[in-house]
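Trainee: May I ask for a close look at a single part of this model, set in the context of the rest of the protein? Please begin with a loop and work outward from there.

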Amino acid sequence: MTAWRRAPSDSLGDDDELLAMGALKELAPTTATAGGHGELKSMRTRARHLRQGAAQAILTKLLAIARQRGYARVSLETGSTPAFEPAMAMYRRFGFVECGPFADYREDPFSRYLGRGCRRKIWRSRR
């Protein structure tokens, strides 16, 4: 999933600008008896567009897709250095809490693992 800013001209897109991107990977499918599990992947925002809402828009859409897919849980891995604190704050606003490694991840001092259930009706940030 990507967020773009359209060029102000009537060009064919040569001046469009990528703001942010993210992906949702299925770890376990939703079945008739159990909700699935998804992982947020590759959440990135271009440096000059940080803290302008692009990542929040991508996250909101990806969580809506997770809900449509019937996932019971969405998890993510992110960095543990101070540079990742703004991202951690955003994930917390969306109800993510720290958890242990999931899928094929292992404990790593440079990683933090977060997860949230997907049964909630409200997917927006809790500001």
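Mentor: Ala103 sits in the loop between β5 (97-99) and β6. In this predicted model, phi of Ala103 is near 50°, a positive value in a residue other than glycine. A second residue invites the same kind of inspection. Arg51 has a positive phi of about 60°, although Arg51 is not a glycine either. Arg51 belongs to the loop between β3 and α1. With a relative accessibility of 67%, Arg51 counts as exposed, because the cut-off for that class is over 50%.

The loop that holds Ala103 leads to β6, and strand β6 covers residues 111-117. Ser111 lies in this strand. Is Ser111 buried or exposed? Ser111 has a relative accessible area of 15%, and since buried means under 20%, Ser111 is buried. Leaving aside residues up to four places away in sequence, Ser111 touches Glu77, Thr78 and Ser80. For one of these partners, Glu77, the separation along the chain is 34 residues, while the C-alpha atoms of Ser111 and Glu77 are separated by 6.5 Å.

The loop that holds Arg51 begins after β3, and Lys41 is placed in that strand, which spans residues 36-45. Lys41 has a relative accessible area of 28%; this value falls between the limits of 20% and 50%, so Lys41 is partly exposed. Lys41 touches Gly22, Ala23, Lys25 and Tyr105, when residues up to four places away in sequence are not counted. Gly22 and Lys41 are 19 residues apart along the chain, and their C-alpha atoms are separated by 6.1 Å.

On the other side of the Arg51 loop comes α1, which is made of residues 54-68. Ala66 is a residue of this helix. The relative accessibility of Ala66 is 0%, and Ala66 therefore counts as buried. Beyond residues up to four places away in sequence, Ala66 touches Leu24, Tyr71 and Val74. Between Ala66 and Glu39 the distance is 9.2 Å, C-alpha to C-alpha, with their positions 27 residues apart in sequence.

Helix α1 also packs with helix α2 (residues 85-93) at an angle of about 40°, their axes being 11 Å apart. That angle makes α1 oblique to α2, because it is neither under 35 degrees nor within the range of 65 to 115. The crossing of the two helices is right-handed. Which residues meet where α1 and α2 touch? From α1 come Ala55, Gln56 and Leu59, and from α2 come Met90, Tyr91 and Arg93. By class, this contact has 4 nonpolar, 1 polar and 1 charged residues.

These parts may now be placed in the whole protein. There are 2 helices and 6 strands, and from the N terminus on the elements run β-β-β-α-β-α-β-β. Of the 127 residues in the protein, 36% are buried; Ser111 and Ala66 are two of the buried residues. Among contacts between residues at least 6 apart in sequence, 60% join residues at least 24 apart. The accessible surface comes to about 7,900 Å², and carbon and sulfur atoms account for 52% of that area.

Key. Residues are numbered from 1 along each chain as its sequence is written. This is a predicted model: local features need pLDDT of at least 70, side-chain atom pairs count only at pLDDT 80 or more; totals for chains, interfaces and linings use all residues. Side-chain values use heavy atoms; hydrogens and water are left out. Axes are lines fitted to C-alpha atoms, for helices over the stretch in contact, and angles run from 0 to 180 degrees between N-to-C directions. Helices (H or I, at least four residues) and strands (E, at least two) are DSSP runs, numbered from the N terminus. Angles under 35 degrees count as roughly parallel, over 145 as roughly antiparallel, 65 to 115 as roughly perpendicular and the rest as oblique. A crossing is left-handed if the near helix is turned anticlockwise from the far one by less than a right angle, and right-handed if clockwise. Contact means heavy atoms within 4.5 Å. Ala, Val, Leu, Ile, Met, Phe, Trp, Tyr, Cys and Pro count as nonpolar, Asp, Glu, Lys and Arg as charged, and the others, Gly among them, as polar. Buried means under 20% relative accessible area, exposed over 50%, partly exposed in between (1.4 Å probe, protein chains only). Accessible areas come from the Shrake-Rupley method with a 1.4 Å probe; for residues, only the protein chains shown count as cover.
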